[in-house]
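Q: Can you walk me through this model? Short answers, please.
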Amino acid sequence: MAIRLGSPKNILGRTPLTRRRALWGLALIAPNTLGLLFFFGIPVILSFVTAFHQWNGIKPPVFIGLDNFTKLLSDPMFWQSLGVTLKLLVFTVPIGAVLSLGVAILLNQKLHGRAVFRTIYFLPVITSTVAASIVWTWIFQAHYGLLDNLLAPIGGLDLNWLTRPDLVLIPVAVVTIWQRIGFYMVIFLAGLQNIPAILHEAALIDGATRWERFRYITLPMLSSTTFLIVVLSVIGSFQIFDQVFIMTARTNAGGVGGSATTMAYLLYQKGFVGAQFGYASAIGLAMFVIMLSVTVFQLRLQQRWVYYESTDG
Amino acid sequence: MVSTKRLSVLLLVVLLIGVLSLPAQAQDATAEATTSVTTAGATIPAAKCDQPGALTVRTWDENWAKTIKAATDAWVSEYCPGATVTVDQVPWSNYWDKLKVDASSGDLPDVFNLNQATGFYYADNGSLVDLTPYFAKSGIQSTIWGSGLVDPYRYGDNKDIYAAPMEWVTAAIYYNKDLFDKAGLAYPTAAWTWDDFAKDAAALTDKANGVYGAAVYAEYQAGWGGWVASEGVPPLVTQDRTTCTLTEPGSVDAFNFLKGMLDKGEMPTISQMGGSGADDEYNLFKSGKIGMYLGGNWKLPNAKTDLTFNWDIVQMPHNPKTGLSRAALHASAFAAASNSKDPALSANLVQYLISDEGQKFFADAGGTAPSDPSPALQQGWLAASGLNGKNVQAFIDATKDSQGTTQFSGDSIDKAYSDMMTNIFDLGMSVEDATKAACAAMAPDLTKAS
């Protein structure tokens, strides 16, 4: 009965039926796998190779070893962009998670028009980030913008949201959170609906208040969902680009003094504006290492606070 | 009556011949007027193509795209039957990024527009066809264009031509006559000064109705560059690109003059305009919220159709110290891509587009002034502008003493300049601090240029 490894016949199955099923399976996943290989795998490999070259995209690349990485470590723009990215992460991850949890809890109640509200909250997710950013740019425009006009009766703010280095990240964070809430709300809703009703009923019988049920039942039972959302939004925060690109394009691309230049935006600037493709690839590689480290750290940390319901009994 | 008309036309022709020679002297802001290098009245011939083929032409301007389409149709029927041309318009905001990406993948369109700041980059990277031999074959001398128009497109030891000028543009003040009437002001004349301009801006400002007197600083070409040049200082960097000029007293004075009006609420900030571009200024001008706007002659077709109030154009005011009214001058060009399947055919199309025949399409469109110095074409452009009663002549007069666009490239220069503008015109930083910071920030790229 020993299986002879390496034989295609055995890999696909031992009977004509299993082989046919296996072939069907392979055929069905082929489009996605090929797409992933061509549009993700190959660019990733090329980017890795390019990171060790000096290349302006037109002349032949020149191998320069680790020069791009040593330059990166001493480039104040890189460290500034890392700081900007971390600031956005700190803004958007907790606020986004808390707001989407709040909306999910609200829309988990038996409300009239619940489906309509769920759809409305989900709409930003399917809205193009570019289109949304343009609209939010108008909202945040000083003097003529919607926000300032709404606040006019109480004196208005007339703040230069999109140019002031101390304010520019607020509009970017608002758009990011606004667009994330719907998606995370759906995940939280699924998590909420997976909590056995019996737990809440037992707590009610024991006289637990609404807050106590939330604190000691809902939150712990949602910890695995919350963990997923935190991981996704941390990775998403490292990739913030469109919002910065659109919202600062007309006033001061990347913010005054790089105040809105995220790592992804710096990569774009160096690569596609400055034609330093090798250096941009090195930034991409650095982003990958940072994101991987943060995710591994989160995975390690989850053992302390994430509760997975056991199915073994 | 008839003789007066003829005399006027003759004078105009003489003036136009002079105008097209003047870009040559515009290169050095501090130089005195130099002699003309333009061969007045010379013709630029088109040539039959050897073999037809399929070409793509890319431009950034929607008005140009229409004109280029008409011109290329004529090229096909007259000079290259059987050829096909696709005109591709990519908006300015994406144009340069897309061009760079296409250059890196060897997918540049066969023929495309370049500006003076980018010509060197593409020539230096081997992306352009050397047009010199093709032009020489047809007897076209590059000296037919003023040096201010063509020199930025020369490359290599022999100063060969890698792109050919297709137009000339400069800037003047567009003003809202209705607002002038409302404020009881006399219309400005070519003799006006910065003081007159400032007084008019103050009088035109109507804070209660959200009307600003002026918006004239937004961009190098149709903005602050002209004000600094009128102080006798080359804007941004010296022509050899080794020295930042922003901290020179003339630059600082010009910026302080503009900022003074901004601080008094007579000009909108960048945030109030929603952008730092000349088009952002134009949009406010169009909506009747700006009394005076500094714009290029490329905006004439838009002004003709967009503006619903009475308006006119006047030359930039004269600096009271130097007496200069010096607007920035620029010429965009056509280049042929070296990655083209048929570089000779692409060069042939470029030659047609800058020839007397091709340029007639631009002249007849009335917006972009043709680079071809033929008096008939220049006259045709004026007539075709269809702006009877408007002082389009102001643009031609502006070229009499204009500032050639200083070429610059480099991330740090672009960013430093952009930050300086926001710092001064939006965040209230002093001109002295902002210009000093900008010069420090662009230092790495300036050193490289030397």
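Q: How many residue pairs are in polar contact between chain B and chain A?
A: The count is 18, with both residues at pLDDT 80 or more. A polar contact is a pair of N or O atoms within 3.5 Å; within protein, one must be able to donate a hydrogen and the other to accept it, and residues adjacent in sequence count only if both atoms are side-chain atoms. This is a predicted model: local features need pLDDT of at least 70, side-chain atom pairs need 80 or more, and totals for chains, interfaces and linings use all residues. Residues are numbered from 1 along each chain, chains are lettered from A, and side-chain values use heavy atoms, without hydrogens and water.

Q: Which element gives the largest share of the side of chain B that touches chain A?
A: That is α19(B), with six residues. Helices here are DSSP runs (H or I, at least four residues), numbered from the N terminus.

Q: And how many salt bridges are there between chain B and chain A?
A: Two. One of them joins the side chains of Asp124(B) and Lys59(A), at 4.0 Å, N to O. The term means a side-chain nitrogen of Lys or Arg within 4 Å of a carboxyl oxygen of Asp or Glu.

Q: New topic. Which residues have the most contacts inside the largest nonpolar core?
A: Trp75(B) and Trp227(B), in a core of 135 residues. Such a core is a set of buried (under 20% relative accessible area, 1.4 Å probe, protein chains only) Ala, Val, Leu, Ile, Met, Phe, Trp, Tyr and Cys residues joined through side-chain atoms within 4.5 Å.

Q: What about a second core?
A: A separate one has 27 residues, including Leu72(A) and Tyr265(A).

Q: How much of chain B is buried?
A: Of its 450 residues, 58%.

Terms used:
Buried means under 20% relative accessible area, exposed over 50%, partly exposed in between (1.4 Å probe, protein chains only). Helices (H or I, at least four residues) and strands (E, at least two) are DSSP runs, numbered from the N terminus.
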